[in-house]
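Got your viewer open and a selection box ready? Let's walk through this one stop by stop, charges before grease.

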Amino acid sequence: MTVQDGHHGAEVAARTERRWATISVIIIVVLAMLAAFAGIHQVTMPQARVETIDPTRLHLSGEFVESNLGSVLEPTGAVTVRAIGQQYSFTPACILVPAQTPITLRATSADVVHGILVQGTNVNTMLVPGYVSEQLMRFEKPGDHLMPCQEFCSFGHEGMWGKVKVIDKEEFAAKAKSGGRLSCVGE
């Protein structure tokens, strides 16, 4: 190997390293631009569906009055659950739902940001005053699930727990025949 061959090899290596460095920089710049665009777009464009509600009037009229809270069997066979988070409780404190049924949880907060986390499931949503949170869920078998507030809401937060009680589909249908909203508070 001559000195000239060694010099030529070094030039090839340097040229190859510059190309890879340039490609790496281009990839980083493109990714940064995509992240910036997505962030700006998300901030300036509203979500496809946002429901607002006046948190100061929840208990007076509308969907979240006390007599409308709890579970209801819809004509389609699905179940809708309405709930409110407020310092330091959920209303209803125990949600009754059937197994093997599509369930829509509609919830909001009366005061500060709260969170619903149904342990042992993928149900996890924030309750923000002024907004309605909607979460789809389904439970395959009967059982009890703890439902803590997973968003720090002030002193007393650690005592903010609820429960989801999943019962047999036929048992739920029998209870729903009487009409009204169902919950397992007091059971």
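What follows is a short tour of salt bridges and nonpolar cores in a predicted model.

**Stop 1: the charged pairs**

A search over the whole structure turns up six salt bridges. Begin by selecting Glu-63 and Arg-82, whose side chains form one of them, with N to O at 2.8 Å. Colour by secondary structure and you'll see that Glu-63 sits in the loop between helix 1 (3-44) and strand 1 (70-73), while Arg-82 belongs to strand 2 (residues 79-86). The two are 19 residues apart, so to speak a link between distant parts of the chain. Is Arg-82 buried or exposed? Arg-82 is buried, because its relative accessible area of 13% is under the 20% cut-off.

Now pick Glu-134 and Arg-106. Their closest N and O atoms are 2.6 Å apart, making another salt bridge. Here strand 8 (residues 133-137) supplies Glu-134 and strand 5 (residues 103-109) supplies Arg-106, with the two positions 28 residues apart in numbering. Turn on a surface and check both ends: Arg-106 is buried at 8% relative accessible area, whereas Glu-134 is partly exposed at 37%.

Next, select Asp-144 and Lys-163, which meet in a salt bridge at 3.8 Å, N to O. This pair ties strand 9 (residues 143-148), home of Asp-144, to strand 10 (residues 161-167), home of Lys-163. Lys-163 is partly exposed, with 26% relative accessibility.

Before moving on, show Glu-51, Glu-63, Arg-82, Arg-106 and Glu-134 together. Salt bridges with shared partners join these five names into one network.

**Stop 2: the nonpolar cores**

Hide the charges and go for the grease. The largest nonpolar core has 29 residues, and Val-97, Ile-116, Phe-139 and Val-164 are the ones with the most contacts inside it. Which elements each supply at least two of its residues? Strand 2, strand 4 (94-98), strand 5, strand 10 and helix 2 (169-176) do. Strand 4 gives the largest share, four residues.

Centre on Phe-139 and expand the selection. Setting aside neighbours within four places in sequence, Phe-139 contacts a list of residues that includes Val-97, Pro-98, Ile-103, Val-118, His-145, Val-164 and Val-166. Polar company turns up as well: Gln-100 and Thr-121 are also among its contacts.

For the last stop, select Leu-58, Phe-64, Leu-69 and Val-132. They are part of a second, separate core of five residues.

Note on methods. Residues numbered from 1 in each chain as written. Predicted model: local features only at pLDDT ≥ 70, side-chain atom pairs only at ≥ 80, totals over all residues. Heavy atoms only, no water. Salt bridge = Lys/Arg side-chain N within 4 Å of Asp/Glu carboxyl O. Buried < 20%, exposed > 50% of the residue type's maximum accessible area, 1.4 Å probe, protein only. Core = buried A, V, L, I, M, F, W, Y, C linked by side-chain atoms within 4.5 Å. Contact = heavy atoms within 4.5 Å.
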